[in-house]
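Biologist: Before we discuss any labels, could you put the model on the screen, so that each term can be set against its criterion?

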Amino acid sequence: MSRSPSFSVKSELSLKADPDALQRWAVAFCIIRFDLEQGQLIEECYPPGCLTQEEELEVAFSSFPDSVSQHQNRSSIHDCIFFFRFRRQKHSKKGNVTSSEITEIDGKETISTPEEENLIRRSRSIGSKSSRYLYGYVFNRERHDERLKRGGEQKSVVILSHGPYSSVFRPLLQIMGPLYFDIGRKAIEHIASYVSLWPSPVPGKLMELPIGNAMLKVNLPPAHSLPLESGMSYEESASSMAPFLPNNQSVPQGLFHDSDIFGTFRGLLLQLWLLWELLLIGEPILIIAPTPPQCCEAVSSLVSLVAPVLCSVDFRPYFTIHNPEFAQLNALQEGDKYPPMVLGVTNLFFLKALRNIPHIVSVGSPAPSSSRVAIASRSTGRIPGKPEGFGLQQLSLKKFSPSSLLNVVKLRRDGPLCLMTEHKEAIWSTYVATTKPDTSILNRLIDAGVSPRVEESMSVVNNEILRRHFLELTTNFLAPFGPYFRATTPPEGSSPFADPPPLPPFNADDFLMSLSARGVGKFLSKRMRSNWLDLYRRFLKGPNFMPWFQRRLAVAENEQHRLWRQARMKADMHLLISRMPELEIVDCFNAIERHLLGEIQLLQSGRAISDSVAMCQKLKGDLQAVFNVLPNDMQQLLLLNPQRAALLQGSLSPELTKLPGRPSIQVGVVSSSSPSTTRESLVASYPYLDGDSPGFWHNCSYR
């Protein structure tokens, strides 16, 4: 068996993976074998000790198809790639196979080496900062051999990651999977070494990631589509988030931007607008497909439809009955409400177990034969001969006919249990969509016939058309929220050192009343029915609205902070002072000092931005300029405080923030936007001043 020509292992190269650097991309690499006696077993886990016992079990059960594919040559090798997502458990107990210091594989006990123990400690410390969910990317191989027990064997190569980076790990698995089955454990060590050399992920950017003599060129999802729960902080641009339609359409706007929408839902194209609404408002959806790759592609394609909304629905690309949360779902009775979720399944048992779930989607078609996974293109990371579930189904665009109408009626009458006898593409839902299918978009789609090469190239065009349309649809849907995110700049001639005004507060009832009065806009009014306000009402109550709104609001506030900071950098202090009465000059001194201390704290904490030093110098000069126009007696009293005196003299040493025997200055105690400065406010702002001195307040008479 020859390994992938896109990757070669250099014998003279002896790289060692850096566990800390590896965690930027991957949590662990696992090798899982299906044992006839014991079931799924984790043979290898690198680095060791990063999973709990419960997590190891869930990874093991989720890394295999529910059943062996039926339509295969009994002497063939069948490869497939898919991924799953599961909720992380608290790190109370560590793994029971390769995660503990004493491991047992094939009945033999082995003691971990000192190097492995070090890896365990480091992975545990890093794992404590991990996200709520992990993604498992699987390369599964089924080898049929009559000489083996039960006629074959199954084994999976799994990459676990915090991030939804399917565009990275799918092509990586196309290299790593065959390589492992060629050279064994060394493949894990070599791949981990290369991955640990990769730069940190940069959301929304095209990244070139070397792997051996190959280069993966991949686009990562943007920062606004990634959850904040991982503890990672990404710079988010106000221009990259809805309700503004992005100028550069080549930049990804959401998760799974490379998913095959057209190929997955080709038989259900008229229902895409229904599915878009269901996910937007957070309805529970069950997606059933013949194979794990097909149901994964369906779930990821559905999630990508609502970009640029931060998808807060719990989506599971591949869900099995062994998942710990299945018992909770199975216990729901008729009338109980299902949580917001999208479940991708292949086991028909779910049709009975979750028979009360309100929306069921059946996609894909059983594969007539199997094939080996082709090698990824080095330029795009796509698979020229796409493995099972990735390619377009050989179907034509369905057009209306009396027979098709009869088929729809028959499917609705029979219900989803008809899939138990024959797989069909269909949707069962009582939800009536507000958005009408856009026939002009459907008419632009290209039906390329049956040529695989032409089919694949046309799918790229069709996916671009669909993704662009739903991005425009979602962006226009979110446009009415735009005024709540409108950052302001200081009015002409006013002081930029005052606190910026708060952004408008949001009230759902007021928003709906205002939207009802002014209308939804020309774009949506042509595409939605008269009950469009109900869709907004459902969206506001659903799980996607508040996380998206709060995330978008935080970005708008940061943008406003940046604009006001920029205005302070450009302000002509002498011109501003010449226009101020004495009262405002004192206010301005307080505000400048507060901003200066804030910049110093950023510098000392290591969170400074590129112009922080220049900003400190500018504020120091402005503070000195305001100080110079204050009355002499006030200047003398201000200089009694060594910290302030040091600021005025230009010292930016760390000792400024806290002096022995003196309280530290509290940033932001007094709002500089207040119309007047009283004795109490100055004392509150500067508790170390001798505020009770009658001479101070007598000599600082305010007119």
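Biologist: How many salt bridges does the count come to by this rule?

Modeller: In this predicted model, the count comes to 20 salt bridges.

Biologist: What makes the pair of E297 and R170 a salt bridge?

Modeller: The closest N and O atoms of E297 and R170 are 3.1 Å apart, and the rule asks for a side-chain nitrogen of Lys or Arg within 4 Å of a carboxyl oxygen of Asp or Glu, so the pair of E297 and R170 counts as a salt bridge. The two residues belong to distant parts of the chain, with E297 in helix α8 and R170 in helix α4, 127 residues apart.

Biologist: Why is E297 called buried, and why is R170 called buried?

Modeller: The term buried applies under 20% relative accessible area; E297 has 2% and is therefore buried, and R170, at 8% relative accessibility, counts as buried as well.

Biologist: How do you know that R316 and E325 form a salt bridge?

Modeller: Their closest N and O atoms are 2.9 Å apart, which is to be set against the cut-off of 4 Å, so the label holds for R316 and E325. Both R316 and E325 are buried.

Biologist: What can be said of R644 and E593, whose side chains meet in a salt bridge?

Modeller: The N to O value for R644 and E593 is 3.0 Å, and with the limit at 4 Å the label therefore applies to this pair too. Here again distant parts of the chain are linked, R644 lying in helix α22 (residues 642–649) and E593 in helix α19 (residues 582–605), 51 residues apart. R644 is buried, and so is E593.

Biologist: Which residues do salt bridges that share partners join into one network?

Modeller: That network consists of R85, R87, D314, R316 and E325.

Biologist: Let us turn to the sheets. What makes β11 and β14 edge strands?

Modeller: They belong to an open sheet of five strands with mixed pairing, in the order β11-β12-β10-β13-β14. β11 (314–316) and β14 (426–428) each have a single partner strand, so one side of each is left without a neighbour in the sheet, and that places them at the edges. On average, neighbouring strands of this sheet are turned by 10 degrees against each other, direction ignored.

Biologist: How do you know that β11 and β12 pair?

Modeller: Pairing asks for at least two bridges, and three bridges join β11 to β12 (residues 341–345), so the two count as paired; they run parallel. In β12, M341 is the bridge partner of D314. Helix α8 (residues 292–304) packs on the sheet, where it touches β10 (285–288), β11 and β12, and its direction makes about 160 degrees with that of β12.

Biologist: Why are β2 and β3 said to stand at the edges of their sheet?

Modeller: That open sheet has five strands in the order β2-β1-β7-β6-β3, with antiparallel pairing. β2 (39–46) and β3 (77–87) have a single partner strand each, so each keeps one side without a neighbour in the sheet.

Biologist: What makes β3 and β6 a pair?

Modeller: Eleven bridges join β3 to β6 (residues 133–144), and the rule requires at least two, so they pair; the two strands run antiparallel. In β6, R143 stands opposite I77. Helix α2 (residues 53–62) packs on this sheet, touching β1 (28–35), β2, β3 and β7 (152–161). Helix α4 (residues 166–183) packs on the sheet as well, in contact with β1, β2, β3, β6 and β7.

Key: Residues numbered from 1 in each chain as written. Predicted model: local features only at pLDDT ≥ 70, side-chain atom pairs only at ≥ 80, totals over all residues. Heavy atoms only, no water. Helix = DSSP H or I, 4+ residues; strand = E, 2+ residues; numbered from the N terminus. Axes fitted to C-alpha atoms, helices over the stretch in contact; angles between N-to-C directions. Contact = heavy atoms within 4.5 Å. Buried < 20%, exposed > 50% of the residue type's maximum accessible area, 1.4 Å probe, protein only.
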